[in-house]
Amino acid sequence: MNLDAILLSLKLAGIVSVLLLVIALPLAYWLAFTKWRGKFLLESVVALPLVLPPTVIGFYALIAMGPRGPLGRVWQSLFGRSLAFSFAGLVLASLLYSFPFAVQPLVASFESLDRRLLDASAVLGAGRLRTWPGLVTAAVLSFAHTLGEFGVVLMVGGNLPGVTRTASIDIYDRVQALDYNGAHQMALLLLMIAFAVLSIVYGVNRRVWSPWTAR
């Protein structure tokens with residue numbers, strides 16, 4: 001089992017999920033409570049990664065991050081190295097591809113609450129996670145989705161050992177090399193992680209084991 005690929009995937013998923021929460025929280029709050037009639041246009045942009053093939057997103061991300069792309073030129077001038085085929089490039093592309101998995105649960109959570117309850121819950125001592133159960137859902141779904149992503153990662157990052165070779169890329173490489181036993185081990189690990197993540201989401205939403213459930 002390629003531990004380097006696993007650790008790289010966990011690192012990427014962790015960074016992306018934290019950054020997504022920071023970015024998605026204010027946007028989700030605004031989408032939930034704004035009265036602007038044209039907000040459906042922004043909602044459509046946010047949801048695009050759900051319907052677009054990963055290779056389409058990865059292709060345009062690669063163009064933007066390439067040496068002639070706007071992001072690539074700025075990155076090159078600031079840091080003196082390429083943004084494409086780097087870990088930083090993977091982070092940016094993964095932010096884009098996993099964005100709806102952070103925004104949509106938060107919007108649904110905000111829309112299910114009366115705005116006045118947000119202040120009331122704080123006065124009564126309820127924690128933010130109890131007030132916004134969508135926060136947990138957004139975090140774990142963003143983490144799991146990034147952890148298993150293949151198409152965008154391959155397009156933007158390529159297959160550089162220790163730099164951009166994630167667990168999903170490693171599985172692909174092992175299948176290509178007819179190493180089905182190695183591919184099975186890696187795939188089984190991702191399957192177990194995905195099951196654990198979904199169990200957390202459904203457990204929190206249904207309050208099966210929620211630490212805030214009254215005893």
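Let's start with L19, which counts as partly exposed because its relative accessibility is 35%. On that scale, buried means under 20% relative accessible area, exposed means over 50%, and partly exposed is in between, using a 1.4 Å probe and protein chains only. Before going on, please remember that this is a predicted model, where local features need pLDDT of at least 70, side-chain atom pairs count only at pLDDT 80 or more, and totals for chains, interfaces and linings use all residues. Residues are numbered from 1 along each chain as its sequence is written, and side-chain values use heavy atoms, with hydrogens and water left out.

Where does L19 lie? You'll find L19 in helix α1, residues 3-33. Helices here are DSSP runs of H or I with at least four residues, strands are runs of E with at least two, and both are numbered from the N terminus.

L19 also has company: together with I15, V18, V22 and I23 it makes a nonpolar surface patch of about 410 Å². A patch takes residues with over 30% relative accessible area and no salt bridge, joining like charges within 9 Å and nonpolar side chains (Val, Leu, Ile, Met, Phe, Trp, Tyr) within 5 Å. The areas come from the Shrake-Rupley method with a 1.4 Å probe, and for residues only the protein chains shown count as cover.

Now for the charged side chains. Side chains of opposite charge can pair when their charged atoms come close. We call it a salt bridge when a side-chain nitrogen of Lys or Arg is within 4 Å of a carboxyl oxygen of Asp or Glu. How many salt bridges does that rule give? The count is 3.

One of them pairs R165 with D173, at 3.5 Å from N to O. R165 is partly exposed at 22%, and D173 is partly exposed at 22%.

Next, look at R174. Its side chain meets D170 in a salt bridge at 2.7 Å, N to O. These two are 4 residues apart in helix α10, residues 167-176, so about one helical turn separates them. R174 is buried at 18%, and D170 is buried at 4%. R174 forms a salt bridge with D179 as well, with the closest N and O atoms 2.8 Å apart; D179 is partly exposed at 28%. So D170, R174 and D179 are linked in a network of salt bridges.

Finally, let's step back to the whole chain. The protein chain has 11 helices and 0 strands, and buried residues make up 41% of its 215 residues.
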